[in-house]
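Student: Hi! I have a protein model open and I'd like to talk it through. Can we start with the charged pairs?

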Amino acid sequence: NGWHIYNPAQEYARMGIDTDVAPNPESPWRLSQVNADYSLCATYPFKLALPRRMSDAELRIVAGFRKRGRLPAMSWCGGREL
């Protein structure tokens with residue numbers, strides 16, 4: 001079953017993002033479930049790596065002003081050295 005091959009929390013943790021799987025308080029990014037039901041942005045995944053300094057409430061406000069609710073979310077991270 002291909003639905004169980006990819007685990008977003010493990011992948012984000014591998015990239016050094018702060019997750020429940022591997023906490024990393026030094027990361028400027030955090031894993032959020034603000035889009036868990038896809039109601040914030042239907043074209044973004046249910047788990048998002050978002051700037052740590054922004055709360056989910058602030059992100060909802062920002063999404064309201066952007067086309068289709070799109071947010072400043074991480075799409076790729078090459079690790080600490082980049």
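Student: How many salt bridges does the structure hold?

Tutor: There are three salt bridges in the structure. Keep in mind while we talk that this is a predicted model.

Student: Okay, let's take them one by one. Which residue does Arg14 form a salt bridge with?

Tutor: Its partner is Glu11, and the closest N and O atoms of the two are 2.9 Å apart. Both residues belong to helix α1, and because they are three residues apart there, about one helical turn separates them.

Student: And are those two buried or exposed?

Tutor: Arg14 is exposed, since its relative accessible area is 60%. Glu11 has 29% relative accessibility, so Glu11 counts as partly exposed.

Student: Next one! Which residue meets Asp18 in a salt bridge?

Tutor: That would be Arg52, with an N to O distance of 3.0 Å. Asp18 sits in the loop between α1 and β1, while Arg52 sits in the loop between β2 and α2, so this pair ties together parts that are 34 residues apart in sequence. As for exposure, Arg52 has a relative accessible area of 29%, which means partly exposed.

Student: So what's left is the bridge of Asp56. Where is its partner?

Tutor: Asp56 pairs with Arg30, and their closest N and O atoms are 2.7 Å apart. This pair links distant parts of the chain: Asp56 is in helix α2 and Arg30 is in strand β1, 26 residues away.

Student: Is Arg30 buried or exposed?

Tutor: Arg30 counts as buried because its relative accessibility is 15%, and the cut-off for buried is under 20%. Asp56, at 25%, is partly exposed.

Student: Let me step back a bit. What order do the helices and strands come in?

Tutor: Starting at the N terminus, the order is α-β-β-α. That gives two helices and two strands in the protein.

Student: And how much of the protein counts as buried?

Tutor: Of its 82 residues, 34% count as buried. The protein exposes about 5,900 Å², and carbon and sulfur atoms supply 54% of that area.

Student: Which residues make up the largest nonpolar core?

Tutor: It has nine residues: Val34, Leu40, Cys41, Tyr44, Leu48, Leu50, Leu59, Ala63 and Leu71. Strand β2 and helix α2 each supply at least two residues of this core.

Student: Pick one for me. What is Leu59 in contact with?

Tutor: Setting aside neighbours within four places in sequence, Leu59 is in contact with Arg30, Leu50, Met54 and Leu71. You met Arg30 a moment ago as the salt-bridge partner of Asp56.

Student: Nice, things are joining up. I also clicked on Ser32. Where is it?

Tutor: Ser32 is in strand β1. With a relative accessibility of 2%, Ser32 counts as buried. Beyond the neighbours within four places, its contacts are Phe46, Lys47, Leu48, Leu50 and Asp56.

Student: What does its side chain reach?

Tutor: The side chain of Ser32 reaches the backbone nitrogen of Val34, at 3.0 Å.

Student: Thr19 caught my eye too. Which backbone nitrogens does its side chain approach?

Tutor: One is the backbone nitrogen of Val21, at 3.2 Å. Another belongs to Ala22, 3.0 Å from a polar atom of the Thr19 side chain. Thr19 itself lies in the loop between α1 and β1, and it is buried, with a relative accessible area of 5%. Further along the sequence than four places, Thr19 is in contact with Ala9, Tyr12, Ala13 and Leu31.

Student: Let's switch to the loop between β1 and β2. What is the phi of Tyr38?

Tutor: Phi of Tyr38 is near 60°, a positive value in a residue other than glycine. Most residues other than glycine have a negative phi. Tyr38 is in that loop, and at 39% relative accessibility it counts as partly exposed.

Student: Last one: is Ala42 buried or exposed?

Tutor: Ala42 is exposed, because its relative accessible area is 63%. You'll find Ala42 in the loop between β1 and β2 as well. Its C-alpha atom is 8.9 Å from that of Arg70, a residue 28 places away along the chain.

Terms used:
Residues are numbered from 1 along each chain as its sequence is written. This is a predicted model: local features need pLDDT of at least 70, side-chain atom pairs count only at pLDDT 80 or more; totals for chains, interfaces and linings use all residues. Side-chain values use heavy atoms; hydrogens and water are left out. Helices (H or I, at least four residues) and strands (E, at least two) are DSSP runs, numbered from the N terminus. Buried means under 20% relative accessible area, exposed over 50%, partly exposed in between (1.4 Å probe, protein chains only). Accessible areas come from the Shrake-Rupley method with a 1.4 Å probe; for residues, only the protein chains shown count as cover. A polar contact is a pair of N or O atoms within 3.5 Å; within protein, one must be able to donate a hydrogen and the other to accept it, and residues adjacent in sequence count only if both atoms are side-chain atoms. Contact means heavy atoms within 4.5 Å. A nonpolar core is a set of buried Ala, Val, Leu, Ile, Met, Phe, Trp, Tyr and Cys residues joined through side-chain atoms within 4.5 Å. A salt bridge is a side-chain nitrogen of Lys or Arg within 4 Å of a carboxyl oxygen of Asp or Glu.
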